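Here is a friendly walk through one protein model and the ligand it holds. Please keep the sequence and the 3D view at hand as you read.

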Amino acid sequence: MPTGTSDILAAVERLRAGGVVAFPTETVYGLGADALSERAVARVFALKGRPSNNPLIVHVSGPEMAARVVAPGAFSEDALRLTRALWPGPLSIVLPRAAGVPSIVTGGGPNVAVRCPDHPVTLALLLAFGGPLVGPSANLSGHVSPTTAAHVREAFDQEQALVLEGGACRGGIESTVVSLLAGDARVLRPGLIGAGEIGRILGRQVEVGVSDTGGGAGGALASPGLLSRHYAPRTPAMLLARAELEETLREEPWRSAAVLAFSPLPAEDEDAAGTVHTLLMPAEDVEYAGVLYAALRQADALGVERILIERPSGTSEVWAAVLDRLRRATAE
Ligand code: TXA
Ligand code: MG
């Protein structure tokens, strides 16, 4: 059933009581709670099993609500330019936090990430609730992010999180996280919006990656990059160039494997060792990102010994964001 007004009202009631509501966005589903309630946010950390030094993104209905959670005057001209061009959309902006934001939200650090999600259900929820919501991806910490309501329900029951149905997420990978601290613009987590596009809007060069001095104060992680294994299926997974992948399939003694590949495997590899399940992936970057997590979950559910992923060779910024997720999904 599509989400209606009564579902939104039930969700608002749950949030006002300090409870948790999973909401759809254009990237992945989020696990929402009142960002200004320490107790509600603590529940989200507990449900996910998330390390307390990994900060949460605060979801807002627009720039006005964002200005309420950042330090007075910190919503800079750069922030305004980005939000005018890209919100609602898959861009989280890191700025100094307002005193009213509980430090649990920011992992103890002085900065807060804000984002306005592009999904009608969640925009309606934010407006009806009338305040900011934390929204980490609605999965157990370290696991693959959910791109459907059914994925969320696999991890959390109705008591733990009321799930708002919003269909399959279009984007498929998490938002780009850009830091605008101290006049610097730096992408901390790559996503569908690239540093090139951000740079064109700001009219200057945007760095990519974690600076030695950026973020990190007060024990908070400077960036998700410090968690090398992340977005990971339960099954051990490997990222391999096509030739290596075919050779590995021929030579390793596994009884079963799932392969995410761009084209069918040669027949001899299909029956070389044991059972090989091939999931064909799109050749185009945005489409690939859109189906990646569903494919990883499908491969995981097959109960195979290994997941082998054909390494994309594309060089666009979207491919770079996809590769970031693939490296973390296959990290030891
Ligand atoms: O697309 C998304 O961003 C999704 C949807 C639900 O909005 N949310 C999401 O949240 O991916 P989460 O918690 O799974 O990832 C947020 C990332 C974390 O890895 C965290 O390190 C980084 O954003 N982050 C959050 N607050 C930050 C801050 N104050 N400074 C630096 N990085 C921050
Ligand atoms: Mg996450």
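The report below starts at the ligand, then turns to a helix pair, an arginine and two backbone details.

**Around the ligand**

Please bear in mind that this is a predicted model. How many residues surround ligand 1? The shell counts 25 residues, and the closest are T27, N54, H59, R115 and S175. By character, the shell divides into 13 nonpolar, eight polar and four charged residues.

Which strands each supply at least two residues of this shell? They are β3 (57-59), β5 (111-115) and β9 (186-189). Strand β5 gives the largest share, with four residues. H59, one of the closest residues, falls within the range of β3, and R115, also among the closest, falls within that of β5.

Three side chains place an N or O atom at a short list of distances from oxygen atoms of the ligand, and the table sets them out together with the polar contacts of R242, a residue we will come to below.

| Side chain | Partner | Distance |
|---|---|---|
| T27 | oxygen atom of ligand 1 | 2.6 Å |
| R115 | oxygen atom of ligand 1 | 2.9 Å |
| S137 | oxygen atom of ligand 1 | 2.9 Å |
| R242 | side chain of E246 | 2.7 Å |
| R242 | side chain of E310 | 2.9 Å |

T27 thus has a side-chain N or O atom 2.6 Å from an oxygen atom of ligand 1. On its own, ligand 1 has 680 Å² of accessible area, and the protein covers 97% of that.

**A pair of packed helices**

Two packed helices are described by the angle between their axes and the distance between the axes. For helix α4 (residues 77-86) and helix α7 (residues 195-202), the angle is about 115° and the axes are 9 Å apart. Is their crossing left-handed or right-handed? It is right-handed.

On the α4 side, the contact is made by D78, R81, L82, A85 and L86; on the α7 side, they meet E197, I198, I201 and L202. The residues of this contact comprise six nonpolar, no polar and three charged.

**R242 and its neighbours**

R242 sits in helix α8 (residues 242-251). Its side chain makes polar contacts with two glutamate side chains, that of E246 at 2.7 Å and that of E310 at 2.9 Å. Leaving aside residues up to four places away in sequence, R242 touches A261, F262, S263, P264, L265, P266 and E310. E310 therefore appears both as a touching residue and as a polar partner of R242.

**Two backbone details**

Where does P88 lie? It is in the loop between α4 and β4 (91-96), and the peptide bond that leads from W87 to P88 is cis, with omega near -10°. A second loop, between β8 (176-179) and β9, is the place of A182. Although A182 is not a glycine, it has a positive phi of about 50°.

Key:
Residues are numbered from 1 along each chain as its sequence is written. Chains are lettered from A and ligands numbered from 1 in the order in which they are written. This is a predicted model: local features need pLDDT of at least 70, side-chain atom pairs count only at pLDDT 80 or more; totals for chains, interfaces and linings use all residues. Side-chain values use heavy atoms; hydrogens and water are left out. A residue is near a molecule or strand if one of its heavy atoms lies within 4 Å of it. A polar contact is a pair of N or O atoms within 3.5 Å; within protein, one must be able to donate a hydrogen and the other to accept it, and residues adjacent in sequence count only if both atoms are side-chain atoms. Accessible areas come from the Shrake-Rupley method with a 1.4 Å probe; for residues, only the protein chains shown count as cover. Ala, Val, Leu, Ile, Met, Phe, Trp, Tyr, Cys and Pro count as nonpolar, Asp, Glu, Lys and Arg as charged, and the others, Gly among them, as polar. Axes are lines fitted to C-alpha atoms, for helices over the stretch in contact, and angles run from 0 to 180 degrees between N-to-C directions. A crossing is left-handed if the near helix is turned anticlockwise from the far one by less than a right angle, and right-handed if clockwise. Contact means heavy atoms within 4.5 Å.
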